[in-house]
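Reader: I'd like to learn how to read a sheet in a model like this one. Can you walk me through it, terms included?

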Amino acid sequence: MKLESLEIENLRCYKDNVKIKIDDLTTIIGKNDIGKSTVLEALEIFFNNDTVKISQDDANIFNEDKKVVITCEFSSLPEKIILDSDIDTTLESEYLLTNEKTLKIKKIFDCSKTKPSCEVFIIAQHPTANGFHNLLELKEKDLQAIIKKQNIDCPLKGNPIMRAAIWENATDLEVKEVEIPVTKPKEDSKRIWEQVDKYLPLFALFQSDRSSKDSDGEVQDPMKAAVSAAIAEVHDDIERIQQKVQERTEEIANNTHEALKTIDKNLASQLTPEFTPPTISKWTGLFSVNLMTDGIPLNKRGSGVRRLVLVSFFKAEAERLLKKGNKKGIIYAVEEPETAQHPNNQKILQSSFSTLSSEPNCQVILTTHSPGFASDLPMDGIRFISRDERGKPVIAHGCDVLTEVADALGVTPDSRVKVLVCVEGPTDVSALKALSSALHVEDNTIPNLDTDDRVAFIVLGGGNLKHWVNHHYLKGLGRPEIHIYDSDVSSYANAARDINLRTDSSRAFITKKYEIESYLHPDAIKTAFGIDIDVTDQPNADGKATPKVFAEAYSIAQGYDGIMKDNNAKIRLADRAFPLMTADMIHERDPLDEVKGWFTKIGECLV
């Protein structure tokens, strides 16, 4: 499952309901004490209620109502699910989805109690007509009774089958958005929640300023998250173990009942064990892993060392997921990852977060108020928290708030910038940096765009805050622009013509090959991923360009259930294949030196 949005109500500073859209890589930005950490902690409470536990004083102090509400909405749902029988069903056929076909789960914590209780609801478009509104709560015998009473032609076995037949027999279900309670202790819907809960993403919270205790399992010891991920990967094995235990306990119960009947056959007509398997969180709690560094517990080391371990954890996790893939969703939430880190380590973290978030089942949520760290993160994922005139938290996103973000963080344009390189997407930036770096090794008159501070990239299809700021403030300063567009979009030709008519040294290039990935050498892809593919200048006979061909080959090699999206394929190629390109490889793929011509022109603008 993929987290699409988070809603918070009555939690700390969030008295009124606020909704936050969650992307693959989401960065929450704002000044100190504005409510950034509360967003991450709300998710921790929703998923785990462990590293951060809900308490009495978490309810908003200005509200007499002491019920805290946290709602999460999910997409990428399981195609099939077993709810209350051994028969496959779907969330949609059980009327458990919203109009947008998402799964929306609402948790209400009653903070008026010393130990806050929790009720769970699924918000869905569900039947409300009398007699059809509560089928999920009914046991098998109750559903059978309805089938018989209404003379419905349906097998009297399998709750999903019987529910579907009863719903189909209705003239008007009066389907409306309702809150379906799924944690009532005496209702069968509780078993439904136990099944749905298994499919929710794992959530791991890493905080920057919590006390250093022996029991810490977050930033000080990221192995807690590693154990959770490992448990999720062996979920099928755990299911088999639990099935064996259940079968054995039922066998013992039956034998005990037979023995009981020989003593007094009237004492009990049946002896039925009610089997409650442990949750995944309880399995995780069985394992304790401590990290030692040269005989010293990690939590006894300085904050800088602990944060270096965090850097290493995310770098290793990114590489592991790239190699193995991840079938169960996982969300990494990191508070102020730049804390106590050298700029070089911050760059490593940024790269690792980007790689992690490109995985099909992985999301990353960050908080920061550091301009240096935030400036290199994708703009589309920025969420800016501010306060209105009444002091109410307001969460905004999109280009409309970037000026506010820049002002709040103190991001200013880099006066060293002499030329702007405009491209379509973030992967183009990585590709051009790698290609220029390779050619610079051969000919140092070619600028190395990876290290040259005089060049700023403008990503026209999104981009980073720093680049947007540079563009916003430099566009009136007469800086020349070099535009490099793929030839796969015909409309770019008109834009390029207009740019080439300028008299300020600006220049636009349309690639002769189909797209930037068409300049890759197969050997670079082979070295990076261990797969052989044909890299063609234009789409092949099947109409597939290089990213699609790579996506299919890589997905098969990794054993994915489906084929990864083209965008994720481009991210992998940009991160791992382009950096392996050499000058010789570039010349072999580009004998007319088209690529070198782009960088030569950029170099002329720098003089």
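Author: Start with pairing: two strands pair if DSSP finds at least two bridges between them. Strands themselves (E, at least two residues), like helices (H or I, at least four), are DSSP runs numbered from the N terminus. Here, strand β15 and strand β17 (residues 481-485) pair in the parallel sense over three bridges. Within that pairing, Leu420 stands opposite Glu481 in β17.

Reader: Before we go on, what are we looking at?

Author: It's a predicted model, where local features need pLDDT of at least 70 and side-chain atom pairs count only at pLDDT 80 or more, while totals for chains, interfaces and linings use all residues. Residues are numbered from 1 along each chain as its sequence is written, and side-chain values use heavy atoms, with hydrogens and water left out. The protein has 19 helices and 18 strands.

Reader: Which strand order does the open sheet of four strands have?

Author: In general, strands of a sheet pair through backbone hydrogen bonds, either parallel or antiparallel. In this sheet the order is β16-β15-β17-β18, and the pairing is parallel. β16 and β18 (507-510) have a single partner strand each and stand at the edges, so one side of each lacks a neighbour in the sheet. From one strand to the next, the twist averages 20°.

Reader: How many bridges join β15 to β16, and how many join β17 to β18?

Author: β15 pairs with β16 (residues 455-459) over five bridges, in the parallel sense. One position to look up is Cys422, which stands opposite Ile458 in β16. The chain gets from β15 to β16 through helix α12 (residues 426-442), and this β-α-β crossover is right-handed; that is, with the strands pointing away from the viewer, the path from the first strand over the helix to the second runs clockwise. As for β17 and β18, they pair over four bridges, again in the parallel sense, and His483 has Ala508 in β18 as its bridge partner.

Reader: Is β15 mostly covered or not?

Author: Buried means under 20% relative accessible area, exposed over 50%, partly exposed in between (1.4 Å probe, protein chains only). By that cut-off, five of the five residues in β15 (residues 419-423) are buried. In a regular strand the side chains alternate between the two faces of the sheet. For β15, Val419, Val421 and Val423 lie on one side and Leu420 and Cys422 on the other, and both faces are covered. Across the protein, buried residues make up 49% of the 607.

Reader: Which strands does α12 lie across?

Author: For angles, axes are lines fitted to C-alpha atoms (for helices, over the stretch in contact), and angles run from 0 to 180 degrees between N-to-C directions. Contact means heavy atoms within 4.5 Å. α12 lies across β15, β16 and β17, running at about 150° to β16. Helix α14 (residues 492-500) also packs on the sheet: it touches β17 and β18, and its direction makes about 155° with that of β18.

Reader: And how do two helices cross, say α2 and α3?

Author: The axes of α2 (residues 140-149) and α3 (residues 159-168) come within 10 Å and cross at roughly 35°. The crossing is left-handed, meaning the near helix is turned anticlockwise from the far one by less than a right angle (clockwise would be right-handed). The residues that meet include Leu143 and Ile147 in α2, and Met162 and Ile166 in α3.
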